[in-house]
Amino acid sequence: TTRVLTGITTSGTPHLGNYVGAVRPAIAASRATDVESFYFLADLHSLIKAQDPGRTQRSTLEIAATWLACGLDPDKVWFYRQSDIPEINELNWFLTCIAGKGILNRAHAYKAAVDKNTAEGEDADAGITAGLFMYPVLMAADILIFNAKQVPVGRDQVQHIEMARDFAQRFNHVYGREFFVLPEALIDEQVATLPGLDGRKMSKSYDNTIPLFAKREELRRLVFSILTDSRAPGEPKTTEGSALFQLYQAFASAGETAAFAQAFADGISWGDAKQQLFERIDAEIAPLRERYEALMADPAAIEATLRRGGERLREQFAKPFLAELRHAVGLRDLS
Ligand code: TYM
C-alpha cells in the first residue's frame, strides 16, 4: 500500500484553492483500495503567520469540518491535528540538525519576504521570524514521521516536498540506513494553481479568496466581483490568462469546459459567464455546504474525532518510530 499524506495550515477559513488543490484530490485518492491516507490540520504551522489564538482555534474547527463535509471517513483515513503529536516536533529538531541552511535560504516564502523587504529599502530580514525560515523543516517532519510516499498539494508546495526529500536523504545517509521513504508531490495538472478574485494565486495572504463554504448569495457576489477585462458583450473573449475561465475549468468536465471556451469565442457577456461559473461552483459545493453547516453545529464531536485519530497514531506509529530514531542518533530510550 502507498501512504498518502497532506495538510492544511489552520490560519484562516478554507477557500476554493484549498479545495481544488488539496482536499478534493486527497479525498479522491483516499478512496483507492491500496492506499493508506493521512490528512491533518497544520496548527503548528499556523503559528508562523497567525499569532492569534482565537483564529487558530476557529480555523482548526473550520478546516476539520471541511475535510469531513467533503467526504473524509475518519474510520478509513488517519485524521488528526499536528500539535496532538509531539513526536512531530521532536523529529523537527533532528531534521533541523540535518537541513542545509543554504537550502532554506532558497525557500519561496522566505525569499519572497526578503525580496519585499529589500524592495522597500528595509533590512533584508526585518520582521522575518526564524519560524518562517524553518517552515520547510517542520513540513518535512510532518511527512517523514509517517513515511508518506505521495503528497497531494498545489504547485506552491512542490519546493517544500523537494526539500523534504533532501532532508530525508541526508538523514538516511548520515545515520546509515533507510529510515525514511523519499516523498513525492502529487499534483492535479489540470488545476495546479487556482487564481483568486484578482487573477493572482488564490491565497489568504492576498485577500483574494472565495471561501469554500460562503453562503450561496455571498458566493454569487464574490463570483461577480472577479476581475475581467473591459470587452463588451458580443466581443470575443480570450480564455488564456482569464481567472474566470480557469475557475470554471476547475469545476467542470472537459466537455463543459470546451463549451465554455466556445462561448468565450462567441462573445458571451461577462455577466452571463459569471452566472454560469457561479452555478457550476454552487452545484458542486451546495451539498457539501449543507453537511459543513451541520458539522459546525457540533464542535465537540469534531474535537473527539481529532483526538481519537491523534492518540491512535501516536501509539501505532509516532512513538515507536521516534524511539527508533532516538536510538539511531544516540539519545536515551524513553520507554
Ligand atoms: P496551505 O494551508 O497554504 O494550503 C493547503 C493546500 O491548499 C493548496 N492551495 C492551493 N491549490 C491550488 N490553488 C491555490 N490557489 C491554492 N492555495 C492553496 C496548497 O498547495 C496546499 O496543498 N505548508 C502547507 C501545509 C502543510 C503540508 C504539510 C502540506 C504543512 N505540512 C505536509 C502537505 C504535507 C500549507 O501551508 O498549505
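**Exercise 1. Find the loop that holds D207, and decide whether D207 is buried or exposed.**

Start with the location: D207 sits in the loop between β5 (184–186) and α9 (216–224). Bear in mind that this is a predicted model. Next, check the backbone: the phi of D207 is near 55 degrees, a positive value in a residue other than glycine. Now count neighbours. D207 has 9 C-beta neighbours inside 10 Å, so it counts as exposed; the cut-off for that label is 12 or fewer.

**Exercise 2. Do the same for N147: which loop is it in, and what is its phi?**

N147 lies in the loop between α7 and β4 (150–152). Its phi is positive, about 50 degrees, although N147 is not a glycine. For the neighbour count, 18 other C-beta atoms fall within 10 Å, so N147 is partly exposed.

**Exercise 3. Work out how strand β2 is paired, and why it is largely enclosed.**

Take one partner at a time. Strand β1 (residues 2–9) runs parallel to β2, and 8 bridges join them. One bridge to look up on screen is T9 with A42 of β2. Then go to strand β3 (residues 78–81): β2 pairs with β3 in the parallel sense too, over 4 bridges. Here Y39 has F79 of β3 as its bridge partner.

How do you get from β1 to β2? Helix α1 (residues 16–30) joins them in a right-handed β-α-β unit. Finally, the burial: 6 of the 8 residues of β2 (residues 35–42) are buried, so the rest of the structure largely encloses this strand.

**Exercise 4. Describe the shell around the ligand: how many residues, and which elements supply at least two each?**

The ligand is surrounded by 25 residues, and the closest are T9, G17, G21, V153 and G154. As for elements, β1, α1 and α7 (130–144) each supply at least two residues of the shell. Sorted by class, the shell has 11 nonpolar, 11 polar and 3 charged residues.

**Exercise 5. Place D142 in the fold, and list its contacts beyond four places in sequence.**

D142 belongs to helix α7. An unreviewed UniProt entry lists D142 under "binding site". Count around it and you get 25 C-beta neighbours inside 10 Å, so D142 is buried; 20 or more is what that label takes. Once neighbours within four places in sequence are set aside, D142 is in contact with G7, A42, Q82 and I88. You've met A42 already: it is the β2 bridge partner of T9.

How values were computed: Residues are numbered from 1 along each chain as its sequence is written. This is a predicted model: local features need pLDDT of at least 70, side-chain atom pairs count only at pLDDT 80 or more; totals for chains, interfaces and linings use all residues. Two strands pair if DSSP finds at least two bridges between them. A crossover is right-handed if, with the strands pointing away from the viewer, the path from the first strand over the helix to the second runs clockwise. A residue is near a molecule or strand if its C-beta atom, placed from the backbone, lies within 6 Å of it. Ala, Val, Leu, Ile, Met, Phe, Trp, Tyr, Cys and Pro count as nonpolar, Asp, Glu, Lys and Arg as charged, and the others, Gly among them, as polar. UniProt positions are given in the numbering used here, feature names are shortened, and annotations may be inferred rather than shown by experiment. Two residues are in contact if their C-beta atoms, placed from the backbone, lie within 7 Å.
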